Amino acid sequence: MKRRSFVKALTLSAALATAGLGSQSLYAADKTIKVGVLHSLSGTMAISETALKDMALMTFDEINKKGGVMGYKIEPVVVDPASNWPLFAEKARQLLTQEKVAAVFGCWTSVSRKSVLPVFEELNGLLFYPVQYEGEELSKNVFYTGAAPNQQAIPAVEYLMSKDGGGAKRFVLLGTDYVYPRTTNKILRAFLHSKGVADKDIDEKYTPFGHSDYQTIVADIKKFSAGGKTAVISTINGDSNVPFYKELGNQGLKATDVPVVAFSVGEEELRGVDTKPLVGHLAAWNYFMSLKNPVNTAWTKEWATYAKAKKLPGADKPLTNDPMEATYIGIHMWKQAVEKAKSFDVDKVIAAMAGQKFKAPDGFTIEMDAKNHHLHKPVFIGEVKADGQFNVVWKTKGPIKAQPWSPFIPGNDKKKDEPEKVASK
Amino acid sequence: MKKFLPMLLLALLARPAAALDAAAVHELGFGDNDAKIAAIAALVAEGDPRAAGLLQAFADGELSTSGERVLVVKGDAGFDALSGAKLDVLPEERDDVVVNNRLRRELGTAVAALRLVSPKLETRLAAARELAGGADQAMLPLVKKALGKERDAQVRRLLELTAATLELKTGSRDSRIAAIRTLGESSNPATKPLLLGLLERRKDGTYAEPDAELRAEAQKSLRALNGRLAWGDRLSLAFAGVSLGSILMLAALGLAITYGLMGVINMAHGELIMIGAYTTYVVQGWFRNGPYFDWYLAAAVPAAFVASALVGMALERAVIRWLYGRPLETLLATWGISLMLIQAVRTLFGAQNVQVENPSWMSGGIEVMTDVVLPWSRIVIVFFAAAVLAGTWLLLVRTRLGLYVRGVTQNRAMASCVGVPTARVDTLAFGLGCGIAGLAGCALSQIGNVGPDLGQGYIVDSFMVVVLGGVGQLAGTVYAALGLGFANKLLESWSGAVLAKIAVLAFIIVFIQKRPQGMFAIKGRAVEA
């Protein structure tokens with residue numbers, strides 16, 4: 001092993017010497033490479049993002065144990081932007097200019113991603129973003145390993161309208177009041193129109209961040225559902241989900257009458273909820289912990305062992321979810337791209353990312369699109385089970401290509417399916 | 001009910017005679033969803049009560065297949081789905097039969113239809129309720145048969161409603177009119193689309209229902225139904241208002257003492273609520289594996305009070321005491337303390353929310369009308385808030401400590417002169433206010449999230465209530481809390497949650513401009529510091 005990494009290092013330094021790169025300062029003398037982890041470890045988003053930080057650290061450990069990236073040990077630099085959007089930009093700048101990291105893995109909310117985007121473009125950094133989002137963005141410096149709307153929202157609505165999904169005719173679009181739910185709902189409204197659903201059969205509702213009293217909203221949903229077969233599409237984000245689902249259970253709104261499909265509720269979010277009254281409500285993701293395949297079994301086991309060894313909170317019931325899987329895929333693809341490019345140089349890695357393949361825990365060998373910086377991902381729709389896991393009731397035959405520019409938003413048909421600036425400067 | 005089902009199933013399965021339709025049972029395990037639904041209908045049409053057990057097991061996700069056989073798996077024991085015989089060994093290689101919402105709905109009504117003839121009234125009532133939600137055309141004969149035998153009035157009414165919905169499309173003209181009249185007497189919103197369907201116009205302007213008399217009947221029934229549903233709406237809105245009001249009152253009552261009576265701007269008030277909630281979490285942990293889990297709140301309520309009160313008194317002794325009369329410094333110092341408390345809890349318990357489970361008697365709700373469900377947890381909190389209010393009032397008005405507190409806050413120098421130990425009274429009063437915050441935390445843990453940031457969401461609301469109600473007035477706090485609760489819910493059903501919050505804030509700003517002393521001002525000879 002050592003011998004091989006030595007040889008690799010030799011070739012690398014030879015390559016560097018011949019290439020005469022200006023970015024030599026990237027590499028520390030003791031053969032480590034710094035990468036950044038930019039997730040909120042405090043504040044409102046800590047609830048979701050802490051697990052991603054831990055997953056990133058586990059993946060680095062795993063790669064280091066197998067000899068690192070091209071013989072370089074990964075040295076993670078973890079910073080805490082504290083759920084404070086401007087602080088995200090500040091911390092990103094610190095990672096890129098002071099720590100000189102080769103890549104950054106981070107962000108959850110779209111507003112944090114929008115905050116760091118100019119920094120990454122200005123300093124030509126590399127960001128891997130692991131969460132499903134609303135699309136409408138394509139940057140040469142970002143790889144999006146979460147789902148675009150056509151890989152999550154649209155298939156979910158199609159399922160609800162199908163016979164097996166209950167044949168819904170009326171839709172409540174319920175979300176937290178910020179950019180992701182608003183844009184997603186705009187796309188969904190246009191999509192529903194294209195399917196012949198009239199505006200009077202669509203009810204769009206928003207609640208503030210951290211809203212905790214869902215009595216009136218659940219009562220309104222009940223009233224609305226009296227007008228025909230209704231389904232709720234929830235883009236509620238963060239811990240508001242707990243009181244929402246509690247209220248659904250208390251008011252006896254069952255999934256067989258009015259199913260709720262959620263885009264931001266996974267295994268981790270259901271941790272704090274009594275799931276027995278929620279059996280049958282749906283979630284759409286590109287990965288579920290309950291998927292049965294050898295890669296997933298090995299991965300969940302690896303995570304459980306890691307969580308126990310590091311005594312992470314919640315280690316007695318270790319859970320994996322979709323954004324954690326996307327983080328894991330992102331880091332591995334970055335490693336493969338670096339090894340293909342034989343360099344940590346951002347432009348070369350970006351070029352090498354195109355077409356990278358990885359055997360993911362979702363059971364498929366998934367691929368980075370040659371052009372649009374998004375993954376081809378399979379879509380799963382799961383029903384909540386009594387133990388807080390999901391029972392997959394529908395899935396795509398294979399991975400589908402992402403459409404970051406949704407065709408349901410006017411004007412998008414003219415936009416190119418690749419970043420504006422071409423990789424080679 | 002839950003216990004009864006498996007017993008019933010076992011009893012049924014134990015009978016050796018195999019009368020179930022073998023082809024249908026096979027389809028249940030191996031067919032696609034359409035075939036499964038057809039099989040369910042076939043089993044219902046057969047009307048064998050033993051099928052109910054099998055279908056219930058299917059709905060519970062206990063059905064699996066192994067090779068060509070369909071099995072029912074209960075824990076470690078396996079049964080053959082067709083004969084009901086217990087298997088000697090449970091095959092290792094088996095696939096669970098996936099149940100989705102569509103199947104679950106079909107199964108629910110199918111099981112209910114088969115249970116209509118059960119000897120137990122309880123079972124029949126539940127079955128009739130289930131059917132009223134959505135029965136299938138094929139079940140009409142079963143419903144009619146059950147109706148012929150049924151004696152209980154409540155079950156009869158439900159069954160009549162079900163029969164009416166089923167006959168609305170197919171029956172003779174007389175039976176259809178009777179069906180429409182029956183529907184008009186229900187208060188179930190599920191019947192509304194049926195009536196609306198009769199009144200619908202086609203695209204060319206003609207009615208979907210040609211008979212004018214039928215349409216008039218439908219119109220009349222619809223009006224009656226709408227009237228009844230509107231009352232249900234009003235009722236649930238009023239309850240939502242009371243519930244939110246009681247929560248606001250609980251959160252603000254402690255502040256009414258520390259800020260209202262003592263004049264301390266305590267920005268850490270929210271964190272004392274949070275400490276109460278975390279105390280509840282810890283106490284719940286002690287009870288978790290014991291037999292008295294359902295009653296852990298009885299221990300959690302005093303524990304939350306004591307924990308928050310102790311933290312509050314320590315705060316008062318260590319920091320706030322030195323800052324009396326300097327509101328700006330107090331504000332900054334307590335804000336700093338709130339950050340420290342949040343971080344301390346985060347290091348102790350982790351940044352993730354912790355799970356506080358409701359005792360079983362607090363989950364679910366009471367159905368006061370069809371479709372108006374009042375959750376137990378909220379009802380309990382309304383009464384709890386009333387009890388805390390009464391307790392606080394008694395303490396302040398009827399005890400020596402209360403007398404001292406009022407004395408010290410109204411005229412500190414004079415109280416001190418007549419021998420009241422003002423320093424100790426300050427500590428105790430502050431502790432009392434913080435303890436009540438702890439009680440609020442205990443109540444909030446039952447309906448919302450428990451995380452380190454819990455208090456942040458309530459601090460602004462609490463100050464709003466106290467300022468609006470009038471500083472120094474318990475009664476004002478009560479009125480303000482209930483008023484804000486109602487206003488918020490009323491606006492929310494009108495304009496959405498986001499606008500409602502903004503509108504309420506705007507209202508308070510205007511109100512305070514007009515009446516800076518709040519709703520109720522202290523009259524009398526109080527000396528303002």
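**Exercise 1. The nonpolar cores**

How many residues does the largest nonpolar core have, and which residues have the most contacts inside it?

*Solution.* Keep in mind that this is a predicted model.

Step 1. Take the size. The largest nonpolar core has 81 residues.

Step 2. Find its best-connected members. B:L250, B:A252, B:I273 and B:L439 have the most contacts inside this core.

Step 3. Ask which element gives most. Helix α11 (residues 212–261) of chain B supplies the largest share, 15 residues.

Step 4. Look around B:L250. Leaving out residues up to four places away in sequence, B:L250 touches B:A385, B:V388, B:L439, B:A440 and B:A443.

Step 5. Look for another core. A second, separate one has 70 residues, and A:L38, A:F143, A:I331 and A:F344 are among them.

Step 6. Connect this to a general trend. In soluble globular proteins, nonpolar side chains tend to be buried together.

**Exercise 2. Helix lengths**

Compare the end-to-end reach of two helices, α5(B) and α6(A), with the expected span.

*Solution.*

Step 1. Start with α5 of chain B, residues 101–115. This helix has 15 residues. At 1.5 Å a residue, 21 Å is expected. From first C-alpha to last, α5(B) reaches 21 Å, close to that value.

Step 2. Check its surroundings. Of the 15 residues of α5(B), 14 are buried, so the helix is largely enclosed by the rest of the structure.

Step 3. Move to α6 of chain A, residues 179–194. Its 16 residues should span 22 Å. The end C-alpha atoms are 23 Å apart, which agrees.

Step 4. See what comes next. A:G196 follows α6(A), and its phi is positive, near 85 degrees.

**Exercise 3. Two helices of chain A and their cover**

Which residues of α6(A) are buried, and which elements cover them? Then treat α5(A) in turn.

*Solution.*

Step 1. List the buried residues of α6(A). They are A:Y180, A:P181, A:T183, A:T184, A:N185, A:I187, A:L188 and A:L192.

Step 2. Name the cover. It includes α4, α5 (153–161), β6 (170–176), β7 (202–207) and β8 (230–235) of chain A.

Step 3. Turn to α5(A). Seven of its nine residues are buried, so α5(A) is largely enclosed by the rest of the structure. The buried ones are A:A153, A:I154, A:P155, A:A156, A:V157, A:Y159 and A:L160.

Step 4. Name their partners. These residues pack against α6, β8, β9 (260–262), β10 (282–285), β14 (380–384) and β15 (390–395) of chain A.

**Exercise 4. Buried or exposed?**

Is each of these residues buried, partly exposed or exposed: A:G249, B:I180, A:N124 and A:K311?

*Solution.* Use the cut-offs for C-beta neighbours within 10 Å: 20 or more means buried, 12 or fewer means exposed, and anything between means partly exposed.

Step 1. A:G249 has 24 other C-beta atoms within 10 Å, so it is buried. This residue is in helix α8 (residues 241–250) of chain A. Leaving out residues up to four places away in sequence, A:G249 touches A:P277 and A:L278. Its C-alpha is 8.7 Å from that of A:T275, 26 residues apart along the chain.

Step 2. B:I180 has 25 C-beta neighbours inside 10 Å, so it counts as buried. Its home is helix α9 (residues 173–184) of chain B. With the same sequence neighbours left out, B:I180 touches B:L214, B:E217, B:A218 and B:S221.

Step 3. A:N124 has 14 other C-beta atoms within 10 Å, so it is partly exposed. It sits in the loop between α4 (110–123) and β4 (127–129) of chain A. Its phi is near 50 degrees, positive in a residue other than glycine.

Step 4. A:K311 has 7 C-beta neighbours inside 10 Å, so it counts as exposed. It belongs to the loop between α9 (294–309) and α10 (322–341) of chain A. Phi of A:K311 is near 50 degrees, again a positive value outside glycine.

**Exercise 5. A helix crossing**

At roughly what angle do the axes of α2(B) and α3(B) cross, and which residues make the contact?

*Solution.*

Step 1. Locate the pair: α2 covers residues 22–30 and α3 residues 33–46 of chain B. Their axes come within 8 Å and cross at roughly 145 degrees.

Step 2. Give the hand. The crossing is left-handed.

Step 3. Name the contact. B:A24, B:E27 and B:L28 of α2(B) meet B:A35, B:K36, B:A39, B:A42 and B:L43 of α3(B).

Conventions:
Residues numbered from 1 in each chain as written. Chains lettered and ligands numbered in written order. Predicted model: local features only at pLDDT ≥ 70, side-chain atom pairs only at ≥ 80, totals over all residues. Helix = DSSP H or I, 4+ residues; strand = E, 2+ residues; numbered from the N terminus. Expected span 1.5 Å × (residues − 1). Core = buried A, V, L, I, M, F, W, Y, C linked by C-beta atoms within 7 Å. Contact = placed C-beta atoms within 7 Å. Axes fitted to C-alpha atoms, helices over the stretch in contact; angles between N-to-C directions. Left-handed = near helix turned anticlockwise from the far one by under 90°.
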